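Morning, everyone. I have one model to show today, and I will spend most of the time on its salt bridges. Here it is.

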Amino acid sequence: MPEHRVPTRHPHGIAVPGQLTFRRPPATGTDEPPDPVAALLKHKALPTSQVLSAAIALCRVGVPKGWITGSNDPRPAPADQVLRRLLADDATHEIKDQVWRHIVGQVRDDPDNREDWNLYALGVAAGGLLSRSARLAMPDDPANRVIQAQYRLIHAFLDRMQATVTTAAGHTRWRLDIARPNVYSRLLGGAYDQASGRTAHRRKQRTRRPDETAAEHQARIARLREEEPREMPVGGDDELSAHHAKHHNGPDRRGTEAVIARLQEFVAQSAQMPPADRIDPTSAELLRRTYLDGEPLGQVAADLNLSPSNASKRRATAARQLRRLIARRLPQQRPHS
């Protein structure tokens, strides 16, 4: 049976000696262990399983075990123990963010142990890497596609933790702002976008087309930017103040209260309509905060625990429902005699 040999060296490094060799993944059976971590480790042919096994065996770093057990134990918790805790039903967003802020922070700030921290991060993220890479695989060649998809996603995940951007003012900041909530979902989502080609597609979208005028190009860029999640700058006080003044102060509030009140009336009215015409409170909040308060869609989506794409779809659906409700309330205009 052919082997797929993939080099493990990465610009940021992971603490796995030599090369990882992946054979054809075993067929999924019906007797999977109930423990998801044990089920993941069982598939020893897959890259995600191998990095988790290597993290358990090789890493001497980790988040304090007390965070996972609820004690004061300062010793590093093994990657599988942390993964099992984060997959538990009672794992709160606060626990998840605490763990991932620590991991990403150490990847950035502890160069002496960066390879160990990178491998540890991949081990803790193994479950998410496995599920996301399945979306990248094609059914026509499961072995090769799954292996290559996981490998691309692993590299994108490492890149995303340490990627920086330079602002127009010349400041350098981390692309992933770990001070915001939902660190892991944003990290994994960004890695998936890069591995799937979405990032390259968005970059292509921003390029001016041959048949576009400058004004048309700028208008299209403005529409695209509205739908993108925006990272808050990590810089000096002046930069943060400028960001908040631009994105959080919102538009002029004169008259907005009346519009919000009318929106609430329509939402209440829609509750009596058929399900296809009802505007749920979350979608109403998306409309209010993005269209009326001027908040970025990505920030509102994060606050509501929604992905940017899901938030965009829900907002578009709610806008259509609202237009239909308004059309029903408008009086019929009679032609002038």
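One cut-off before I start: a residue is called buried under 20% relative accessible area, exposed over 50%, and partly exposed in between. Arg85 has 18% relative accessibility, so Arg85 counts as buried. Keep in mind that this is a predicted model.

Arg85 pairs with Asp90 in a salt bridge, with 3.1 Å between the closest N and O atoms. Asp90 is on the other side of the cut-offs: its relative accessible area is 51%, so Asp90 is exposed. That bridge therefore joins a buried arginine to an exposed aspartate.

Now the chain as a whole. The protein chain has 16 helices and four strands. It runs to 337 residues, of which 41% are buried. Of the contacts between residues at least 6 apart in sequence, 60% join residues at least 24 apart. The exposed surface comes to about 18,900 Å², with carbon and sulfur atoms supplying 52% of it.

Back to the charges. The structure holds six salt bridges. One of them links Asp73 and Arg75, at 2.7 Å from N to O. Asp73 is buried, at 16% relative accessible area.

Another is Glu285 with Arg289, where the closest N and O atoms are 3.2 Å apart. Both residues sit in helix α14, residues 281-292, and they are four residues apart, about one turn of the helix. Glu285 is partly exposed at 25%, while Arg289 is buried at 11%.

What is Arg289 linked to, along with Glu285, in a network of salt bridges? The remaining member is Asp303.

Notes:
Residues numbered from 1 in each chain as written. Predicted model: local features only at pLDDT ≥ 70, side-chain atom pairs only at ≥ 80, totals over all residues. Heavy atoms only, no water. Helix = DSSP H or I, 4+ residues; strand = E, 2+ residues; numbered from the N terminus. Buried < 20%, exposed > 50% of the residue type's maximum accessible area, 1.4 Å probe, protein only. Contact = heavy atoms within 4.5 Å. Areas by Shrake-Rupley, 256 points an atom, 1.4 Å probe, with all protein chains shown as cover. Salt bridge = Lys/Arg side-chain N within 4 Å of Asp/Glu carboxyl O.
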